[in-house]
Amino acid sequence: MLFYLISILVVLADQGAKWMVRLNMQLGETIPFWNPYVQFTYYENSGAAFSSFQGFGKYFSIVAAVFVVAIFYYRRKGVLRGPLLEAASGFLVGGAIGNAIDRVIFHQVTDFLVFGEGGGIMNLADLAINAGGILIVIHLIIDQVKSSTAKRRRVKGSGTGQA
């Protein structure tokens, strides 16, 4: 349930924010929001992150579709279990779908968030993808700590003659 809730909220928030930007800003316009930390700059990106691969956006919608199918496959297999991985996969899928919608409808992605001086331009889908990646890293760290702790307990238990 958490997976679906996060996925849907990300897509709705992302598409709503992009719609507001397209409706209320001129392409290239910058609106200071919380200077120097955050500003809104309307940009249309027909490529990938950091404006790389300009003009190849349609191929990234195919990559997004394959990615979303893979997430659903691994969820069905039971690989992505637990609240942390549910949330992570929800953010990843919501972000991938949010940007794929732009690529299919507009053949480019609407970006508008600039963090700091000279930072790249992002959107809410990009932030969600980053959040999903961070949650996966946190999950891996927690898993590693649990595994190391269990291993130490086994070694400690076998070293004292206990079985």
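In the predicted model, Asp102 is buried, with a relative accessible area of 0%. The residue takes part in a salt bridge with Lys18, in which the closest N and O atoms are 3.3 Å apart. Because Asp102 belongs to helix α3 and Lys18 to helix α1, this pair ties together parts that are 84 residues apart in sequence. Lys18 also counts as buried, at 0% relative accessibility.

A salt bridge is also formed between the side chains of Asp102 and Arg22, with an N to O distance of 3.8 Å. Here Arg22 lies in helix α1 and Asp102 in helix α3, so the parts tied together are 80 residues apart in sequence. Arg22 is partly exposed, since its relative accessibility is 22%, and the range for this class begins at 20%. Asp14, Lys18, Arg22 and Asp102 are linked in a network of salt bridges.

Gln15 is located in helix α1. With 17% relative accessibility, Gln15 counts as buried. A polar atom of the Gln15 side chain lies 2.9 Å from the backbone oxygen of Gly98. When residues up to four places away in sequence are not counted, Gln15 touches Arg22, Gly98, Ile101 and Asp102. Two of the residues touched by Gln15, Arg22 and Asp102, are thus members of the salt-bridge network.

The count of salt bridges comes to four. One of them joins Glu86 and Arg75, whose closest N and O atoms are 2.6 Å apart. As Glu86 lies in helix α3 and Arg75 in helix α2, the pair ties together parts that are 11 residues apart in sequence. Both Glu86 and Arg75 are buried.

On the surface, Tyr4, Ile8, Leu12 and Phe72 form a nonpolar patch, and together these residues have about 400 Å² of accessible area. Helix α1 (residues 2-24) supplies the largest share of the patch, with three residues. Phe72 is placed in helix α2 (residues 57-76). The relative accessibility of Phe72 is 34%, and the residue therefore counts as partly exposed.

Helix α3 (residues 83-106) contains Val104, which is exposed, with a relative accessible area of 55%. Val104 and Phe60 are 44 residues apart along the chain, and their C-alpha atoms are separated by 9.7 Å.

Two local backbone features occur in loops. The peptide bond from Asn35 to Pro36 is cis, with omega near -5 degrees, and Pro36 is found in the loop between β1 (30-34) and β2 (38-45). His107 has a positive phi of about 65 degrees, although this residue is not a glycine. The loop between α3 and β3 (109-115) holds His107, which is exposed at a relative accessible area of 58%.

Overall, the protein has four helices and four strands, arranged along the sequence in the pattern α-β-β-α-α-β-β-α. The radius of gyration is 20 Å, well over the 15 Å that the globule rule gives for 163 residues, so the protein is more spread out than a compact globule. Along the principal axes, the C-alpha atoms fill a box of roughly 75 × 35 × 30 Å. Of the 163 residues, 36% are buried. The exposed area is about 10300 Å², of which carbon and sulfur atoms supply 68%. Among contacts between residues at least 6 apart in sequence, 62% join residues at least 24 apart.

How values were computed. Residues numbered from 1 in each chain as written. Predicted model: local features only at pLDDT ≥ 70, side-chain atom pairs only at ≥ 80, totals over all residues. Heavy atoms only, no water. Patch = residues over 30% accessible without salt bridge, like charges linked within 9 Å, V, L, I, M, F, W, Y side chains within 5 Å. Areas by Shrake-Rupley, 256 points an atom, 1.4 Å probe, with all protein chains shown as cover. Buried < 20%, exposed > 50% of the residue type's maximum accessible area, 1.4 Å probe, protein only. Rg over C-alpha atoms; globule rule 2.2 N^0.38 Å. Contact = heavy atoms within 4.5 Å. Polar contact = N/O pair within 3.5 Å; in protein donor to acceptor, adjacent residues only side chain to side chain.
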